[in-house]
Amino acid sequence: MRFKNLDLNLLVALDALIRLRNVSRAADEMFITQSAMSNALGRLREYFDDPLLIQVGRTMELSPLAASLEQPLRDIIVRIDSAVVSTPSFNPADSRRVIGMVVSDYSLHTLVPIFLSIAAQEAPGLQFDFKPQQNFPHLLLEKGEADLLIAPSVFCSTQHPSDVLFADEICCVTDSSSRFAKGERMTREQFETSGHVVMRPPNGGESFAERACREVGLAIRVEVSTYAFSTLSLLVRGSNRLALVQKTLATEMVKTGGLTMVAPPLELPLLEQSAQWHSYRSRDPALTWVREKLKSAARILAARSQEPARH
């Protein structure tokens, strides 16, 4: 099929070449030979009268024209996929579809296990591919590299629809032998002068703990930073350090023993978690089903975390 003398099949090849910047990997993704992909690149260069990909040392860089085509081309591919390729109907009992979801390890330790248990009862063949959280996670939706995103509402894009799943309290976790585990209310001075352990996104950015404290005017002195929520409990053990943690995760941490939940000196804003999807996928019945099961899991999670933090 051609549009203005361009073989539209070449657009798929161009999308792969721009994303991967490697002829061999693009060929592998499209299940064609390297020579066939090289031929496609040659035809694209001829059509656009532009090199598109330029060899620089051992890597390939995008030409200015290719860079300008990257986002609109990806948008076209995602739109076609959502309109034509996505399953028009969905039977959970028979589906073998793979659902890609961007989640933090916080969600993997709390919401996801409950969700998987619920999903397995109705859709035993449905598969899930969990991808790590990152800054600007909605970009993975726009690139078609993920179907759903579970993230704090403040990090969701305003350009795509989302559902609030639950709102989590924030509390402190500390070693059970630390000075804060004696039952007395923590003072603001104690909080601000103590060392804290925080999780910062692997590719940079502010931790949710720093953001939450900034919003209420609390200072936080970071002594240790890590890239995973699940390691916070390990890094406060045997010390007087504090870690601001989502209460659902803190509840699981305390169950392992040796840790205590303590209320911060000021009430911190709730951390609202949402599920987000690309606007083109709003009518995808499989994603609608998954979102409903996520809401069911969130209700169960919220009920489990009602135990008050120790003061």
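**Close-up 1. Helices α1 and α3 pack against each other in this predicted model.** Helix α1 covers residues 9-20 and helix α3 covers residues 34-48. Their axes sit 10 Å apart and meet at an angle of about 100°. Angles of 65 to 115 degrees count as roughly perpendicular, so that is how α1 and α3 are placed relative to each other. On the α1 side, look for L10, A13, L14 and L17. On the α3 side, the contact is made by M37, A40, L41, R43, L44 and F48. Sort these residues by class and you get nine nonpolar, no polar and one charged.

**Close-up 2. Five strands line up in an open sheet.** Read across the sheet and the order is β6-β5-β7-β14-β8, with mixed pairing. Strands of a sheet pair through backbone hydrogen bonds, either parallel or antiparallel. Which strands stand at the edges? They are β6 (127-132) and β8 (162-168). Each has a single partner strand, so one side of each is left without a neighbour in the sheet. From one strand to the next, the twist averages 20°.

**Close-up 3. Strand β7 pairs with β5 and with β14.** With β5, the pairing is parallel and has two bridges; here V102 stands opposite L149 of β7. With β14, the pairing is antiparallel and has four bridges, and I150 faces A275 of β14. Is β7 buried or exposed? Five of its five residues are buried, so β7 is largely enclosed by the rest of the structure.

**Close-up 4. Edge strand β8 pairs with β14.** Strand β14 is made of residues 271-276, and six bridges join it to β8 in the antiparallel sense. Find D163 and you'll see A275 of β14 standing opposite. That's the A275 that also stands opposite I150.

**Close-up 5. Helix α6 lies across the sheet strands β5, β6, β7 and β8.** This helix takes in residues 111-122. Among the strands it crosses are β5 (98-103) and β7 (148-152). Relative to β6, helix α6 runs at about 165°.

**Close-up 6. A243 sits in strand β12.** The strand spans residues 243-246. How accessible is A243? Its relative accessibility is 0%, and buried means under 20%, so A243 counts as buried. Leaving aside residues up to four places away in sequence, A243 touches C171, C172, V173, V197, L232 and V236. For a sense of distance, try V222: it is 21 residues from A243 along the chain, and their C-alpha atoms are separated by 9.6 Å.

Methods:
Residues are numbered from 1 along each chain as its sequence is written. This is a predicted model: local features need pLDDT of at least 70, side-chain atom pairs count only at pLDDT 80 or more; totals for chains, interfaces and linings use all residues. Side-chain values use heavy atoms; hydrogens and water are left out. Two strands pair if DSSP finds at least two bridges between them. Axes are lines fitted to C-alpha atoms, for helices over the stretch in contact, and angles run from 0 to 180 degrees between N-to-C directions. Contact means heavy atoms within 4.5 Å. Buried means under 20% relative accessible area, exposed over 50%, partly exposed in between (1.4 Å probe, protein chains only). Angles under 35 degrees count as roughly parallel, over 145 as roughly antiparallel, 65 to 115 as roughly perpendicular and the rest as oblique. Ala, Val, Leu, Ile, Met, Phe, Trp, Tyr, Cys and Pro count as nonpolar, Asp, Glu, Lys and Arg as charged, and the others, Gly among them, as polar.
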